[in-house]
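Here is a short note for a colleague opening this entry. Please read it alongside the sequence and the coordinates.

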Amino acid sequence: MSPATTGRHGLLLDVEHLCAGYDDSSQVLFDLCFSIHAHQVTTLLGRNGMGKTSTIRCLTGLLQARSGKIVFQGHHLERTPAHVIARHGLGLVPEGRQIFPRLTVEENLMVAARTDFSNHWTLESTYALFPRLRERRHQGGGTLSGGEQQMLAIGRALMTNPKLLILDEATEGLAPLIRQQIWDALALLKRQGLSILIVDKNLDALESLADQHLVLEKGRMVWSGDAAAFKLHRHDVQRYLGV
Ligand SMILES: Nc1ncnc2c1ncn2[C@@H]1O[C@H](COP(=O)(O)OP(=O)(O)OP(=O)(O)O)[C@@H](O)[C@H]1O
Ligand SMILES: [Mg+2]
């Protein structure tokens, strides 16, 4: 990516004083401020119900911000519909995968295909990343194993050729071997320079992958730091996570 498209210092996403909630009485995000830089992996950590998915919903236009700013490469996203945000280059692998069960693997991938920014991610490159998807390409999405569905959800997000890939609990409930395949794929994506925001519970895998960590508690940012600070303060961070 050129400096012109990534912004100053490779700034990709800037969130300022973000507040959001689901109805008039319940606010779930309070004054969140953070930045994501190009080619970096950022984690969003926190116990259950602390606001990780809600934050991701705000970024991707599925939950409207009540106040604050979300700026992605100069585009204000606070009032932007989800399908337009996707076109700006945010690719979501949602909690629970949400693939289309009645479409085949290949149809699931082709529905998402978009080549506005780059042609890097095609059926071929997605199948090269997850050969299992090639083997299953004519099979219905709903007949896949959990791990295969997760690969499909990641492949579908990649087919939009995103500038920022966002994964919400992408290894949740998977067998160790499949989980490792997902981590290996994410490490490869990072080496290729893709920017990634990831929610996950596996701190060891996140520690070796991520450049920046953000910790939420009750919708507030209670800790943030780079990889070195995370290593140094991991015990403090773990207390926020209850592990
Ligand atoms: N659709 C909704 N309507 C009302 N409240 C919601 C809704 N979705 C989430 N919440 C509430 O918002 C808060 C944050 O939830 P969120 O799903 O963002 O947490 P999370 O950190 O992703 O949790 P988990 O680790 O369990 O996925 C919780 O109190 C939750 O009950
Ligand atoms: Mg969640």
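1. Start with Gly96. This is a predicted model, and in it Gly96 has a relative accessible area of 63%. Exposed means over 50%, so Gly96 counts as exposed. Gly96 sits in the loop between strand 6 (90-93) and helix 4 (105-112).

2. Next, a distance to check. Gly96 and Gly147 are 51 residues apart along the chain. Their C-alpha atoms are separated by 11 Å.

3. Now look at helix 2, which spans residues 52-59. Seven of its eight residues are buried, so the rest of the structure largely encloses helix 2. The buried residues are Lys52, Thr53, Ser54, Thr55, Ile56, Cys58 and Leu59.

4. What follows helix 2? Gly61 does, and its phi is positive, near 85°.

5. Turn to the magnesium ion (ligand 2). Its protein donors are Thr53, through OG1, and Glu95, through OE. They lie 2.0 to 2.5 Å from the ion. This pair links distant parts of the chain, 42 residues apart. Thr53 belongs to helix 2, while Glu95 is in the loop between strand 6 and helix 4.

6. Are the two donors buried or exposed? Thr53 has 16% relative accessibility. Buried means under 20%, so Thr53 counts as buried. Glu95, at 36%, counts as partly exposed, because that value falls between the 20% and 50% limits.

7. A last point ties the loop together. The loop between strand 6 and helix 4 holds Glu95, one of the magnesium donors. Gly96 lies in that loop too.

Methods:
Residues numbered from 1 in each chain as written. Chains lettered and ligands numbered in written order. Predicted model: local features only at pLDDT ≥ 70, side-chain atom pairs only at ≥ 80, totals over all residues. Heavy atoms only, no water. Helix = DSSP H or I, 4+ residues; strand = E, 2+ residues; numbered from the N terminus. Buried < 20%, exposed > 50% of the residue type's maximum accessible area, 1.4 Å probe, protein only. Donors = N, O, S within 2.8 Å, 3.2 Å for Na, K, Ca; no water.
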